[in-house]
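Thank you all for coming; I would like to walk you through one protein model this morning, taking it slowly. Please have the picture open in front of you as I speak.

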Amino acid sequence: MEEDELLGVVGLAVMVVRSSDTSLAQGGNDLPLVATSAIHNLIESACSAALSDHIAFGETSVTTKILIEMETSVSVGEELQASARCVEVIDGTITFEAEITRREKQIATARVQRRIVDRLSYLARIAAERLV
């Protein structure tokens with residue numbers, strides 16, 4: 001994969017907020033609004049979608065850093081859309097700028113860094129770390 005071919009790629013993801021996606025259900029606070037962890041997962045899905053046609057068989061990508069800025073929140077039943085665009089690739093670190101919207105209103109923004117890794121080697125390393 002050439003680093004230049006990743007610049008500008010865009011991934012999209014969509015979710016409908018369920019009761020189990022709320023801060024109340026996940027213990028973040030006592031509000032029945034979408035949890036930041038659900039926003040995080042939606043952003044990661046959009047980043048993965050952006051990379052899906054650009055990684056080799058046996059590879060995957062993992063998030064190494066994410067900064068989410070919540071502007072507002074949403075209730076159960078609302079549909080959220082995420083878009084993630086690759087803005088930089090340096091020494092194997094792929095940086096995305098992401099946005100979460102509801103009916104074209106911005107809910108959150110994020111900056112995400114991911115790395116492409118060999119799937120089996122990565123899983124083996126994580127398994128070995130559990131043994132220590």
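Let me begin with helix α2, whose 16 residues should span 22 Å at 1.5 Å a residue, and because its end C-alpha atoms are 23 Å apart, the length agrees with that expectation. I should say straight away that what we are looking at is a predicted model, and that the values I quote are computed from it.

Staying with α2, we can ask which of its residues are buried. They are A38, I39, L42, I43, A46, C47, A50 and L51, and what covers them includes the strands β1, β2, β3, β4 and β5.

That brings me to the interior. The largest nonpolar core has 29 residues, and those with the most contacts inside it are I43, L80, I94, F96 and I100. At least two residues of this core come from each of β1, α2, β3, β4 and β5, while the largest share, eight residues, is supplied by α2. If you would like one residue to look at more closely, take I100, which, when residues up to four places away in sequence are not counted, touches I39, L42, I43, L80, Q81, A82, K105, Q106, I107 and A108.

Now to the cysteines, where a newcomer might well want to know how many disulfides there are. As a reminder, a disulfide is a covalent bond between the sulfur atoms of two cysteines. The count here comes to zero disulfides. Take C47, whose sulfur is 9.2 Å from the closest cysteine sulfur, the one in C86, and that is too far for a bond, since a disulfide needs the two sulfur atoms within 2.5 Å. From the other side, C86 is likewise in no disulfide, with the sulfur of C47 as its nearest cysteine sulfur. As for their surroundings, C47 counts as buried because its relative accessibility is 0%, and C86 counts as buried because its value is 2%, the cut-off for buried being under 20%.

Next, please find T93, which is in strand β4. Is T93 buried or exposed? Its relative accessible area is 19%, so T93 is buried, given that buried means under 20%. The side chain of T93 is joined to that of R115 by a polar contact of 2.8 Å, and, leaving aside neighbours within four places in sequence, T93 is in contact with E88, Q113, R114 and R115.

From there we can move to the loop between β4 and β5, where R103 is placed and where E104 also lies. Most residues other than glycine have a negative phi. With that in mind, notice that R103 has a positive phi of about 45° although it is not a glycine, and that E104, not a glycine either, has a positive phi of about 70°. R103 counts as exposed because its relative accessibility is 63%, and E104 counts as exposed because its relative accessibility is 79%, the cut-off for exposed being over 50%.

I will finish with helix α3, which has 13 residues and reaches 19 Å from its first C-alpha to its last, close to the 18 Å expected at 1.5 Å a residue. At the start of α3, you can find a side-chain oxygen of D118 that comes to within 3.3 Å of the backbone nitrogen of L120.

Notes
Residues are numbered from 1 along each chain as its sequence is written. This is a predicted model: local features need pLDDT of at least 70, side-chain atom pairs count only at pLDDT 80 or more; totals for chains, interfaces and linings use all residues. Side-chain values use heavy atoms; hydrogens and water are left out. A nonpolar core is a set of buried Ala, Val, Leu, Ile, Met, Phe, Trp, Tyr and Cys residues joined through side-chain atoms within 4.5 Å. Buried means under 20% relative accessible area, exposed over 50%, partly exposed in between (1.4 Å probe, protein chains only). Helices (H or I, at least four residues) and strands (E, at least two) are DSSP runs, numbered from the N terminus. Contact means heavy atoms within 4.5 Å. The expected span of a helix is 1.5 Å times one less than its number of residues. A polar contact is a pair of N or O atoms within 3.5 Å; within protein, one must be able to donate a hydrogen and the other to accept it, and residues adjacent in sequence count only if both atoms are side-chain atoms.
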